[in-house]
Amino acid sequence: MSKLILVFLGPPGVGKGTQAAKLATDLALPHISTGDLFRDHLKRDTELGQKAKGYMNEGKLVPDELVVDLVMDRIAADDCNEGFILDGFPRTVAQDESLEKALSANDQKVSAALYFDAPRETIVARISGRRTCKACGAMYHAEFSPTAKDGVCDACGGETYQRVDDAAEKVSERLSEYDNKTGPLVPHYREKGVLKQFDAEGGVDDIYGQVKAFVEGLKQGA
Ligand code: AMP
């Protein structure tokens, strides 16, 4: 079977990270979230973290050249030999072109781009209630999926917080970055014949059932 390389695509807050994490656990594949990779650099105050911080806090995309090397290094690691799940990358057509070039050098390509979409009011409500664990990155929602104990991660006991870029005043900037720069990836992947769209308005488990069925079909057809 060819290597399973999945791209999770969609606006911020649509729930793609939650779906990607579930699938990664199920398939025992690495879940590569560029947002998480950057937040880790921020936390460790690395040179890359310092370069990315301003963009992230303003809700803007980090420039392609800072993102691409980070991802290329990560997907070259041994744990990606069986495949991997990209969450939040590519976010521009140029990023996909870099990815395609790197993959084709090894006779590989993206198996599918799973595109999640939901009405804007759903997205805004999801982002503004989102709480993230500082220690392990687990995600909660203040109203729809709260932690058992306020401010404490159920998974690891770490502290949960609201990301700076999840604050209401940053959300419209992130959505406009998405519309202008990431949105064009939808027709781009459709033209390549690898786009699969999911209605992300429903509950996590319902959507996950559809994701799992699609990926099982993909594996059988491979
Ligand atoms: P996320 O956790 O996916 O919402 O990402 C948080 C922030 O990290 C984004 O708003 C961007 O500033 C930055 N970021 C993550 N992935 C990318 C990417 N592929 N290209 C550019 N910036 C990114």
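**Helix packing and aromatic rings in a predicted model**

Visitor: Which residues of helix 2 meet helix 4?
Guide: In this predicted model, local features need pLDDT of at least 70 and side-chain atom pairs count only at pLDDT 80 or more, while totals for chains, interfaces and linings use all residues. Residues are numbered from 1 along each chain as its sequence is written, and side-chain values use heavy atoms, with hydrogens and water left out. Contact means heavy atoms within 4.5 Å, and helices are DSSP runs (H or I, at least four residues) numbered from the N terminus. Leu 66, Val 67, Leu 70 and Val 71 in helix 4 are met, from helix 2, by Thr 34, Leu 37, Phe 38 and His 41.

Visitor: At what angle do helix 2 and helix 4 pack?
Guide: Axes are lines fitted to C-alpha atoms over the stretch in contact, with angles from 0 to 180 degrees between N-to-C directions. For helix 2 (residues 34-44) and helix 4 (residues 64-75) the axes are 11 Å apart, and the packing angle is about 100 degrees.

Visitor: How are the rings of Phe 198 and Phe 214 arranged?
Guide: Rings of Phe, Tyr and Trp (its six-membered ring) pair if their centres lie within 6.5 Å, and planes over 60 degrees apart count as edge-to-face. Here the centres are 6.0 Å apart and the planes stand at 75 degrees, so the pair is edge-to-face.

Visitor: Is Phe 198 buried or exposed?
Guide: Buried means under 20% relative accessible area and exposed over 50%, with a 1.4 Å probe and protein chains only. Because its relative accessibility is 3%, Phe 198 counts as buried.

Terms used: Phe/Tyr/Trp six-rings, centres within 6.5 Å; stacked < 30°, edge-to-face > 60°. Helix = DSSP H or I, 4+ residues; strand = E, 2+ residues; numbered from the N terminus.
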